Amino acid sequence: MSLKAAIVGLGGISAAHIRGWQETEGVEPIAGADINEEAVDAAEKQQGLAGYTDWREMLEAQRPDLVSICTPPFLHAEITIECLERGIHVMCEKPMAATREDAEQMAAVADEADALLQVAYCHRFHGPAMKLREIIASGILGRPVFFRGAFTGLSEMESDHRSNIAQAGGGALMDNGSHAVDLYQFLLGKIADVSCRAGTLLQEMETDDVAVMIFEGEEGCYGEVLVGYSVPPQFTEWRIAGERGLLTLEDYFNGPVRFWDRDTGEWEDHECDNSLTRFQRQFAHFIECIREGRLPLSNAETALHTQRVIAAAYDAAHAGGLPVD
Ligand SMILES: NC(=O)c1ccc[n+]([C@@H]2O[C@H](COP(=O)([O-])OP(=O)(O)OC[C@H]3O[C@@H](n4cnc5c(N)ncnc54)[C@H](O)[C@@H]3O)[C@@H](O)[C@H]2O)c1
């Protein structure tokens, strides 16, 4: 029998969720809720969903098996907890929450729940990122010592929820920095400590539009994450240096992953499996986990670690650096 999916929050990313559930075998998107009546209207007319302006009313009336949460982060905890307590599986958009405290509560409820929580860190399902992980796991890089990840872009953020500290919990670092930190965790493991600069340098907004975080991984690898809404998108690069060579991913969205071998001095290209998008893989993975009763690859524990790293980075940014003189 098909699983019934409902979506809370019908803004930008909800289209990927509606399409994701439409394309995944054994799932049918049936309903959507948003406080914005125009968005509800569009979901009804264009997607054929039953529309609601109150998400609780939608849960009561439609009794979905799973819910996608696509609201701004400050609502993630309340909606996730209510769904999990009702036994509804949750695909919650990243970041897990707007605050570390909310994320901790979500993880505690997810631990006890009869339903599954996947946090939509979709880059774990991105072909080039999966290739990076496969190559690192093969051991050819040797001990990793330096990681650099950059997610940058030029976006006007003034009217976006990400420019509002209460709604988003942070700006570029919370939004794209959390993707980068989660990707580090996926590739190389947990992070032990952080330093950071995060500020509002070029746009009129409450949250950061430029941030740089440096850190040390639990295995002793040093890392750097660069994010920004006011930085040319061409400035996007991923590099991991290890004792036996260098891995680079310059075209993040297509690949290839390139490996420079220290012994031979040669570059080798590794093509990536882009036959499915990260979204197609992410949604299919969640349904497999529900069917097989196993924990998703991006779960409460991994997402909570990412949230703690970002919270520590903002604390470090507020603390500032050491004066030179
Ligand atoms: N995985 C990714 O790559 C990716 C990409 C984009 C966004 N996101 C995440 O998805 C989330 C939403 O981002 P977006 O860009 O779609 O934002 P958005 O602002 O475009 O959409 C959010 C929607 O939530 C609605 N909303 C607000 N309060 C609500 C409530 N009480 N009940 C129901 N709906 C409510 C808003 O009206 C709006 O339509 C964020 O957490 C964001 O970080 C993830």
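**Exercises: a ligand and two domains**

An oxygen atom of the ligand is 2.8 Å from a polar backbone atom of Lys94. This is a predicted model, where local features need pLDDT of at least 70, side-chain atom pairs count only at pLDDT 80 or more, and totals for chains, interfaces and linings use all residues. Residues are numbered from 1 along each chain as its sequence is written, and side-chain values use heavy atoms, with hydrogens and water left out.

**Exercise 1.** Work out what surrounds the ligand.

*Solution.* Start with the shell: 26 residues surround the ligand (a heavy atom within 4 Å of it). Gly12, Ile13, Asp34, Lys94 and Arg162 are the closest. Next, sort by class: you get 13 nonpolar, 8 polar and 5 charged residues, with Gly counted as polar.

**Exercise 2.** Find the ligand's partners besides Lys94, then its burial.

*Solution.* Check Arg162: an N or O atom in its side chain is 2.9 Å from a ligand oxygen. Then try Gly11, whose polar backbone atom is 3.5 Å from an oxygen of the ligand. Finally, the area: the ligand alone exposes 850 Å², and the protein buries 81% of that (Shrake-Rupley, 1.4 Å probe).

**Exercise 3.** Place the ligand relative to the domains.

*Solution.* First split the chain into domain 1 (3-122 + 279-299) and domain 2 (124-275 + 309-319), bounds that come from an automatic or database assignment. Their contact (heavy atoms within 4.5 Å) takes 18 residues from domain 1 and 21 residues from domain 2. Their C-alpha centres are 26 Å apart. Now go back to the shell: each domain supplies at least three residues to it.

Notes: A polar contact is a pair of N or O atoms within 3.5 Å; within protein, one must be able to donate a hydrogen and the other to accept it, and residues adjacent in sequence count only if both atoms are side-chain atoms.
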